[in-house]
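User: Please take me through selected features of this model by question and answer.

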Amino acid sequence: MTDQKTPLRARQGAGPDAAGRLSAPGQLQAGDVQTALEHAGAESLADLARRHGLSPAALRPPIIGYLWQLWQRRHFILAFATARNIAMYTEAKLGQLWQVLTPLLNAGVYFLVFGKLLDINRGIPNYLGFVVTGVFVFNFTQRSFIETSSVMKVNIDLVRALQFPRAALPLGYVVIELQQMLLSMVVLVPILLATGEPLTWHWLLAIPALLLQTIFNVGAGLAVARLGAQLDDFSQLLPFLTRTWLYVSGVIFSIASLSSNASSKVITLLELNPAALYITLTRNALMASQRESFPGSKPYNNALCTTWQTLGHMKGEPSRYQYDSAYCHFAGANPAHFWYFAIGWAVVALVIGFVFFWQAETRYGRG
Amino acid sequence: MADPMVVVDDLHVVYKVYGRGNDRGTAAASLLRILGRKRRASIREVHALRGLSFVVNRGDAVGVIGRNGSGKSTLLRAVAGVLPPEQGNVYTTGHAALLGVNAALLEDLTGERNVILGCLAMGMSKQETKAKYQSVVDFSGVGNFIDLAMKTYSSGMGSRLRFAIAAAKTHEVLLIDEALATGDAEFRVKSHNRIQELRAAAGTVFLVAHNLEEVELTCNRVIWLERGQIVEQGEDVISIVDRYIAASGGQPVKRHPVTRMRIKDEVGTGAAS
């Protein structure tokens with residue numbers, strides 16, 4: 001077995017070998033050296049290693065063992081996330097204040113554009129709250145995707161220096177984004193209260209919604225991290241993918257209001273895409289205006305539904321007409337099933353993403 | 001009886017390298033390439049290691065010597081398990097810790113945070129990290145700079161801190177990649193002593209160094225690489241080093257006829273032992 005000429009044996013002389021591979025410069029020619037083995041016996045090196053209980057250095061641990069390793073590094077993941085979060089703003093004069101200023105300025109831009117410049121209501125009560133909530137929730141998923149797509153390239157030195165379960169890095173990045181998201185929530189609460197949303201027990205539902213979204217982001221982030229590590233083109237393509245996703249996820253418009261010009265199948269698909277789901281669930285948790293105006297939330301009433309379709313979309317009409325959308329049929333998927341789909345996406349993304357990332361565990365150091 | 005800790009069996013490592021000089025890399029050229037279903041010319045494979053085989057036993061300190069680009073760092077990465085072999089295999093006990101000059105942790109962060117992160121990444125618990133923290137900082141000797149971002153460190157200070165972090169844990173296999181090259185005389189003595197301690201603690205040490213005297217002093221075995229293959233390996237470190245110097249066209253080292261230690265002309269160069 002050891003005597004076999006290997007297909008990788010380099011050709012004599014300088015320049016690339018038969019496989020088109022280069023090797024380092026030097027006088028030594030391939031095949032000049034006979035490596036004398038000290039243990040020179042009948043036993044192969046692989047058997048020798050096995051007999052002494054050695055295992056391959058680049059061995060991928062079994063998936064359960066890998067999960068256990070990750071659990072052991074939980075403090076590393078948290079410390080890594082916190083440290084990066086701090087490092088992100090060390091150069092800025094305002095320092096950590098940017099963590100709150102960034103979402104605040106974001107909200108300000110949307111207030112200016114959608115609240116003042118484009119004074120349209122699109123049949124949605126509390127449109128400003130609707131947009132800001134949507135943008136913050138979508139941003140969490142979008143930023144998780146974009147950041148994790150480059151995590152392996154950015155931290156290649158760390159990967160090559162220390163042996164640790166590589167999934168710790170994308171996980172750490174999603175934790176960073178979660179921390180940012182929680183700060184955005186701190187900004188969001190006063191905005192919603194100021195725009196007239198009451199503080200109710202429904203707000204507690206935002207916690208499971210955020211939890212499910214985080215699980216989804218972790219799973220998808222792991223998959224994206226592997227794609228980004230192995231395909232350079234992927235990180236170029238990603239901004240376009242996430243922008244398209246933004247436009248089909250009902251961040252700045254209500255998917256339900258598309259009923260007049262899209263089939264119910266298309267609306268169902270749009271509504272059940274993970275980003276739209278987590279946005280809708282968070283909106284319904286935090287915004288009474290959304291719960292009360294969600295199509296299908298009240299018994300069908302043709303007259304009132306028509307009122308919404310006409311007067312509700314008209315500028316200058318009282319905003320109470322915008323709530324009449326509740327009397328229409330739901331346009332796509334049954335809102336009662338949203339939570340099941342949200343759980344489904346989170347579980348599916350986590351399982352697939354984790355296994356997909358784990359499969360390439362030993363190859364991330366290669367760059 | 002010898003107790004193998006690292007077994008390298010016909011190891012081949014191939015790197016993919018992007019961006020060869022003569023690829024024009026224009027958009028039109030890329031499009032033609034994709035339409036013609038041609039392989040990208042700018043991706044070249046470098047056959048960095050070409051069939052290495054050796055066995056290293058418990059308590060060995062192995063010096064890896066050879067010119068730049070001969071595959072020394074690649075060998076260490078493969079033993080550490082961060083570079084997958086293209087063919088053949090590397091067998092070790094548990095995980096090997098790699099410590100190199102480029103092994104940057106997070107340059108934007110303070111030395112303090114890097115120490116904590118490094119210890120946690122190596123799998124230490126929070127308590128262990130806290131307990132080890134002061135000794136790591138003391139060993140590194142960076143002093144008050146520990147509160148500053150690592151990018152403000154001189155290269156010597158940075159590598160001292162990195163060595164201190166990696167040496168905080170007793171690794172079964174410690175791979176040192178020219179990390180000591182930039183240290184000052186005092187630190188070299190300290191790190192030399194620490195390497196001896198790690199060896200004594202039933203570990204194995206690989207040392208890549210261009211400072212051949214460091215190899216002579218520290219290692220009981222040496223592997224001489226060229227073009228990704230082993231030229232010579234063995235326990236007679238001094239003879240192999242002398243042949244390597246001769247092959248590189250260097251001046252032969254003056255040695256004491258009995259002890260074979262180097263005889264110094266000038267005072268104050270090199271590490272004390």
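What follows covers a strand and a surface patch.

Analyst: This is a predicted model, in which local features need pLDDT of at least 70, side-chain atom pairs count only at pLDDT 80 or more, and totals for chains, interfaces and linings use all residues. Residues are numbered from 1 along each chain as its sequence is written, chains are lettered from A and ligands numbered from 1 in the order in which they are written, and side-chain values use heavy atoms, with hydrogens and water left out.

User: How many residues of strand S3 of chain B are buried?

Analyst: Strands are DSSP runs of E with at least two residues, helices runs of H or I with at least four, each numbered from the N terminus, and buried means under 20% relative accessible area, exposed over 50% and partly exposed in between, with a 1.4 Å probe and protein chains only. Ala61(B), Gly63(B) and Ile65(B) point one way from S3(B), while Val62(B) and Val64(B) point the other way. For S3(B), residues 61–65, the number buried is five of five.

User: Which residue of S8(B) stands opposite Val64(B)?

Analyst: Two strands pair if DSSP finds at least two bridges between them. S3(B) and S8(B), residues 221–226, pair in the parallel sense over four bridges. Opposite Val64(B) in S8(B) stands Ile223(B).

User: Why does Ile343(A) count as partly exposed?

Analyst: Ile343(A) is found in helix H15 of chain A, residues 338–359. Ile343(A) counts as partly exposed because its relative accessibility is 40%.
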